[in-house]
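Colleague: Before I plan anything at the bench, could you take me through this model one question at a time, with the reasoning behind each answer?

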Amino acid sequence: MNRWLALWGVPDLAEKSTIEWSRRMTSSLGRSHPQTRLVRVAAYLKQADPALVEEVLCHEMAHVAAYAIHGGRIRRPHGPEWRQLMQTAGYPPKVRMAVPPGLAPPKRKRTRRAYLHLCLLCKMTRLAGRAMRRWRCARCRRNGFDGKLRIAKLGS
Ligand SMILES: [Zn+2]
Ligand SMILES: [Zn+2]
């Protein structure tokens, strides 16, 4: 990072900025708030190639640097000021960076399927997020049984 900060003529920008990992970030790799000099990098990138983390950092720090250098004159976040900084650092100015394959971001919200519905007769099981007391075993119903299911809550 210091290499391109020096190239940009803002060698002390890292010290003046807050750079942190974000666990909440799931759909993007990084984010920056140039006015407050805050940069967040998705925490799941800790498992990624360090070169990718470096590029994400460069992308976001270029936003911070562009603002530090040009201030409110910047018309578009990925405009010429930002692109020039990326090129100076030796990166192609990619606006959107792809999440590398095999490095899936964490699911935003995992549907909790905590209730197991078991047919004692045929051992059919189904999971659901809540206890579905009206569910019946269709197969056993077809065979003339009441198809009642036993509901068990799975571990917390
Ligand atoms: Zn950007
Ligand atoms: Zn059944």
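Helix H3, the sheet and the overall layout

Modeller: Let us begin with a helix, bearing in mind that this is a predicted model.

Colleague: What span should the 21 residues of helix H3 have, and how far apart are its end C-alpha atoms?

Modeller: Helix H3 covers residues 50-70, and at 1.5 Å a residue its 21 residues should span 30 Å. Just after H3, Gly71 takes a positive phi of about 60 degrees. The expected span agrees with the model, because the end C-alpha atoms of H3 are 29 Å apart.

Colleague: Does Ala66 count as buried or exposed?

Modeller: Ala66 has its place in helix H3, and, leaving aside neighbours within four places in sequence, Ala66 is in contact with Pro34, Ile74, Glu81, Trp82 and Leu85. A residue is buried if 20 or more other C-beta atoms lie within 10 Å of its own. Ala66 has 26 C-beta neighbours inside 10 Å, and therefore counts as buried.

Colleague: How does His33 count by its C-beta neighbours inside 10 Å?

Modeller: His33 is found in strand E2, and its C-alpha atom is separated by 9.5 Å from that of Met61, although the two residues are 28 apart along the chain. A residue with 12 or fewer C-beta neighbours within 10 Å is exposed, one with 20 or more is buried, and one in between is partly exposed. Because His33 has 15 such neighbours inside 10 Å, His33 counts as partly exposed.

Colleague: Which strands stand at the edges of the open sheet with the order E1-E3-E2?

Modeller: This open sheet is formed by 3 strands in the order E1-E3-E2, with mixed pairing. Each edge strand has a single partner strand, so one side of each is left without a neighbour in the sheet; these strands are E1 (18-22) and E2 (30-33).

Colleague: In which sense do E2 and E3 pair, and what is the bridge partner of Gly30 in E3?

Modeller: Strands of a sheet pair through backbone hydrogen bonds, either parallel or antiparallel. E2 and strand E3 (residues 38-42) pair in the antiparallel sense over 4 bridges, and the bridge partner of Gly30 in E3 is Val41.

Colleague: Which strands does H3 touch where it packs on the sheet?

Modeller: The direction of H3 makes about 20 degrees with that of E2 where the helix packs on the sheet. The strands touched by H3 are E2 and E3.

Colleague: How many residues lie between E4 and E5 in their hairpin?

Modeller: Strand E4 (residues 115-119) and strand E5 (residues 125-128) pair in the antiparallel sense over 4 bridges, with Thr125 in E5 as the bridge partner of Leu118. In the turn, Lys123 has a positive phi of about 70 degrees. The number of residues between E4 and E5 is 5.

Colleague: How far apart do the C-alpha centres of domain 1 and domain 2 lie?

Modeller: The protein chain is divided into domain 1 (2-89) and domain 2 (115-153). As one pair of residues, Ala66 and Cys119 are 53 residues apart in sequence and 63 Å apart in space, C-alpha to C-alpha. For the C-alpha centres of the two domains, the separation is 53 Å.

Colleague: Why is the protein chain more spread out than a compact globule, and what is its radius of gyration?

Modeller: The protein chain has 5 helices and 6 strands. For its 156 residues the globule rule gives 15 Å, and the chain is more spread out than a compact globule because its radius of gyration is well over that value, at 26 Å.

Conventions
Residues numbered from 1 in each chain as written. Chains lettered and ligands numbered in written order. Predicted model: local features only at pLDDT ≥ 70, side-chain atom pairs only at ≥ 80, totals over all residues. Domains from an automatic or database assignment. Pairing = 2+ DSSP bridges. Helix = DSSP H or I, 4+ residues; strand = E, 2+ residues; numbered from the N terminus. Expected span 1.5 Å × (residues − 1). Contact = placed C-beta atoms within 7 Å. Axes fitted to C-alpha atoms, helices over the stretch in contact; angles between N-to-C directions. Rg over C-alpha atoms; globule rule 2.2 N^0.38 Å.
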